[in-house]
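Here's a quick walk through one chain, starting with its charged side chains and working inward. Have the viewer open as you read.

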Amino acid sequence: MELCQYPCMGSIREFHITAIQIPIVYNKYGDHDPDGLLYVLEEDAERIKEKALCCYKQNPPQPYEGV
């Protein structure tokens, strides 16, 4: 479909995002980046950071699904 025929022309969506620095765990074996950066919605930033740090503190560090 061509853009000029798109039915919702004129609607604007606005998102507020922020970058957070958290350790990013890649797999269940604990491979991770201790200084990872992640773009998230501002409203989800604290929740994601808190749960990712909780999973990171396990032995071995475990990935958090939200990341």
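## The salt bridge

Asp 44 and Arg 47 pair up through their side chains in a salt bridge, with 3.7 Å from N to O. Keep in mind that this is a predicted model. The salt bridge count comes to 1.

Are these two partners buried or exposed, or something in between? Asp 44 has a relative accessibility of 22%, so it lands in the partly exposed class, which starts at 20%. Arg 47 sits at 39%, so it counts as partly exposed too.

## Overall layout

The chain has 1 helix and 2 strands, and reading from the N terminus the order is β-β-α. Of its 67 residues, 22% are buried.

On the outside, the chain exposes about 5700 Å², and 51% of that comes from carbon and sulfur atoms. As for contacts between residues at least 6 apart in sequence, 41% link residues at least 24 apart.

## The nonpolar core

In soluble globular proteins, nonpolar side chains tend to be buried together. Here the largest nonpolar core has 10 residues: Ile 20, Ile 22, Ile 24, Leu 38, Val 40, Ala 45, Ile 48, Ala 52, Cys 55 and Tyr 64. At least two of these residues come from each of β1 (17–25), β2 (32–41) and α1. Which element gives the most to this core? That's α1, with 4 residues.

Ile 22 is a handy core member to click on. Beyond its neighbours within four places in sequence, Ile 22 touches Asp 33, Pro 34, Asp 35, Gly 36, Leu 38, Lys 49, Ala 52 and Val 67.

## Leu 53 and the helix

Leu 53 belongs to helix α1, which covers residues 45–56. Why isn't Leu 53 classed as buried? Its relative accessible area is 31%, and buried means under 20%, so Leu 53 is partly exposed.

Leu 53 also makes a nice example of sequence distance versus space: Pro 23 is 30 residues away along the chain, yet the C-alpha to C-alpha distance is 7.2 Å.

## A nonpolar patch on the surface

Phe 15, Ile 17, Tyr 39 and Leu 41 form a nonpolar surface patch of about 480 Å². Leu 41 is placed in strand β2. Its relative accessible area is 31%, so Leu 41 is partly exposed. Patch residues need over 30%, so Leu 41 clears that cut-off.

Key:
Residues numbered from 1 in each chain as written. Predicted model: local features only at pLDDT ≥ 70, side-chain atom pairs only at ≥ 80, totals over all residues. Heavy atoms only, no water. Buried < 20%, exposed > 50% of the residue type's maximum accessible area, 1.4 Å probe, protein only. Core = buried A, V, L, I, M, F, W, Y, C linked by side-chain atoms within 4.5 Å. Contact = heavy atoms within 4.5 Å. Patch = residues over 30% accessible without salt bridge, like charges linked within 9 Å, V, L, I, M, F, W, Y side chains within 5 Å. Areas by Shrake-Rupley, 256 points an atom, 1.4 Å probe, with all protein chains shown as cover. Salt bridge = Lys/Arg side-chain N within 4 Å of Asp/Glu carboxyl O.
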